[in-house]
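Student: I have a model open in my viewer and would like to learn how to read it. Could you take me through it feature by feature?

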Amino acid sequence: MPYIGNTPAEKYAAFDVQHFTTSATTGYTLTHAVANENDIRLVINNVVQQPGSSYAYTASGTTLTLSSATSGTDTMYCVFLGKAVQTVNPAAGSVGTSQLADDAVTTIKINDDAVNSAKLSSTAVDNTNTNSTLITAQTEKSSLADADKFLISDSAASGALKYVQKSNLPSGGLQLVTSFTPGSEGSTIVVDNCFTATYDRYLVFCERLRNGNSQARLDVYLRTGGSSGSDSCNLGGAYLGYRYNNQYMSGSINPNSCQGTIASNVENDRWYNAMMYFIQPYDSAYTTNIQGQSAYREGSTGNYGFINFGYQPDNTVSHTGFAIQLSAGNFNQTQSTIKVYGIVDS
Amino acid sequence: MVQKKNIFNALTGEATLVDYTAEEQASYDDYNSTEKITARKLEQIKEIRLEKLIETDYLANSDVVMPDNVKTWRQTLRDLPANHTDEAAYDLLLARDADTKELTHSVWSKP
């Protein structure tokens with residue numbers, strides 16, 4: 001027969017009954033939660049009991065409490081009069097926003113991966129909502145490729161997020177070609193294969209040099225031939241410096257000398273440093289140029305000073321490395337460092 | 001003793017320690033020979049002498065009278081190479097105070 005309205009969710013539901021195994025106690029547990037004792041009809045030994053705290057029993061939730069204890073020979077059951085019928089589901093699409101209380105949807109009610117980008121507002125992910133390990137938890141890449149990208153805030157577009165490719169980053173500056181700590185012996189330190197066609201200009205730091213046992217002069221000379229490495233005796237030039245107590249330090253070498261002085265007479269067991277620029281050392285189309293400065297404690301006077309120096313070959317040769325050499329004794333090299341940088345135009 | 005070269009290959013990162021070649025060692029030994037060391041000490045003495053003489057050169061101007069003791073001292077300085085001829089004498093002339101690093105030989109003191 002046709003009818004008006006929604007189809008009842010449940011057409012028939014019987015009252016539920018619970019039979020108890022009795023004992024000498026006043027407390028029992030109900031199989032269904034109730035609001036109070038009026039939701040059940042309790043029968044003991046076929047006698048209906050009167051509900052209420054002043055009468056035979058009370059009930060709340062699943063706790064049934066009798067006013068006096070039963071015995072093991074009693075029969076007792078209850079009929080659930082007001083039990084909620086759990087099998088009734090709301091009709092599909094019938095629960096709207098107004099049926100949900102504020103904050104009713106908890107995290108566990110949301111399926112994993114269910115929140116997609118469409119469910120996030122354009123400003124939802126801010127500094128507060130990002131994990132501090134967002135970057136550090138990622139896999140590290142130790143060598144950048146030109147196509148690698150960096151996330152930036154574009155100051156010309158109200159801080160909009162954009163990316164910049166590594167190939168578009170400013171590239172000027174010093175690129176470390178090599179850095180090493182010489183061994184603990186020797187009076188000459190040679191660096192081969194540090195000059196290549198990659199750079200036209202190089203900056204070299206000779207740091208924490210120390211002469212072990214003798215006052216000595218420190219010289220520089222050029223090398224050719226790459227890995228096979230041979231000395232290139234083709235320098236000419238001079239040095240001029242000044243030290244404490246108004247004393248000059250100077251010297252010169254003829255063209256095509258093997259080496260040029262970069263520290264004239266260094267006191268032994270004193271730290272000292274030198275820095276040098278090598279201009280066009282590799283390109284045989286041009287003449288190599290060495291110029292730089294050192295500061296040290298002069299051996300004969302114990303006065304501190306510096307010298308500037310400049311050397312240049314009298315020919316055009318492709319130089320692949322250089323060496324620094326003590327005129328006497330050995331380096332005390334355990335903490336010395338030689339660093340070679342290639343200079344890149346911006 | 002044979003000197004050594006620390007050779008670092010920037011391409012491979014390999015460092016090797018090799019002996020000087022015979023030619024390099026000969027050059028090193030020559031520079032550090034007693035004869036060359038003595039010669040460099042004499043050069044150093046001459047440099048110091050020059051500095052000392054320059055300090056009193058102004059007394060040779062026509063409008064100034066150079067005291068006799070200064071004249072004598074300057075002559076002594078000029079005669080240093082003639083009167084000091086071996087390395088031991090050079091070492092005495094070049095000796096310096098351990099703390100102040102000032103030259104200690106009396107010949108350098110201007111009267």
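Student: How much surface does chain A expose, and what share of it do carbon and sulfur atoms supply?

Tutor: Some ground rules come along with that. This is a predicted model, in which local features need pLDDT of at least 70, side-chain atom pairs count only at pLDDT 80 or more, and totals for chains, interfaces and linings use all residues. Residues are numbered from 1 along each chain as its sequence is written, chains are lettered from A in the order in which they are written, and side-chain values use heavy atoms, with hydrogens and water left out. Accessible areas come from the Shrake-Rupley method with a 1.4 Å probe, and for residues only the protein chains shown count as cover. Chain A exposes about 20300 Å², and carbon and sulfur atoms supply 49% of that. For chain B the accessible surface is about 7000 Å², with 53% belonging to carbon and sulfur atoms.

Student: Which secondary structure elements does each chain have?

Tutor: Helices (H or I, at least four residues) and strands (E, at least two) are DSSP runs, numbered from the N terminus. Chain A has 21 strands and zero helices. Chain B has two strands and five helices, in the sequence order β-β-α-α-α-α-α.

Student: What share of the contacts in each chain joins residues far along the sequence, 24 or more positions apart?

Tutor: A contact means heavy atoms within 4.5 Å. Counting pairs with a separation of 6 or more, residues 24 or more positions apart account for 71% of the contacts in chain A. In chain B, the share joining residues at least 24 apart is 42%, among contacts between residues at least 6 apart.

Student: How many residues make up the largest nonpolar core, and which touch the most other members?

Tutor: Begin with burial: buried means under 20% relative accessible area, exposed over 50%, and partly exposed in between (1.4 Å probe, protein chains only). A nonpolar core is a set of buried Ala, Val, Leu, Ile, Met, Phe, Trp, Tyr and Cys residues joined through side-chain atoms within 4.5 Å. Here the largest one has 40 residues, and Met276(A), Phe278(A), Phe322(A), Ile324(A) and Ile338(A) touch the most other members. Leaving out residues up to four places away in sequence, Phe278(A) has contacts that include Phe195(A), Tyr202(A), Leu222(A) and Phe322(A). There is also a second, separate core of 15 residues, with Ile40(A), Leu42(A), Ile44(A) and Ala59(A) among them. Over the whole of chain A, buried residues make up 35% of 346.

Student: Which cysteines form a disulfide, and where do they lie?

Tutor: A disulfide is a covalent bond between the sulfur atoms of two cysteines. The test applied is a pair of cysteine sulfur atoms within 2.5 Å, and one disulfide is counted over all chains. Cys233(A) is joined to Cys258(A), with an S to S distance of 1.8 Å. Cys233(A) sits in the loop between β13 (230-232) and β14 (235-243), and Cys258(A) in the loop between β15 (247-257) and β16 (260-266), so the bond ties together parts 25 residues apart in sequence. The S-S torsion is about 70 degrees, so this disulfide is right-handed. Cys233(A) is partly exposed at 35% relative accessible area, as is Cys258(A) at 32%.

Student: How many residues of each chain are in contact across the interface, and how much area is buried?

Tutor: Buried area is the accessible area (1.4 Å probe) that two parts lose on being put together, summed over both. In this model, 20 residues of chain B are in contact with 32 residues of chain A, and the two chains bury about 2000 Å², 42% of it on carbon and sulfur atoms. Asn6(B), Phe8(B) and Lys101(B) supply 30% of the area that chain B buries against chain A, more than any other three residues.
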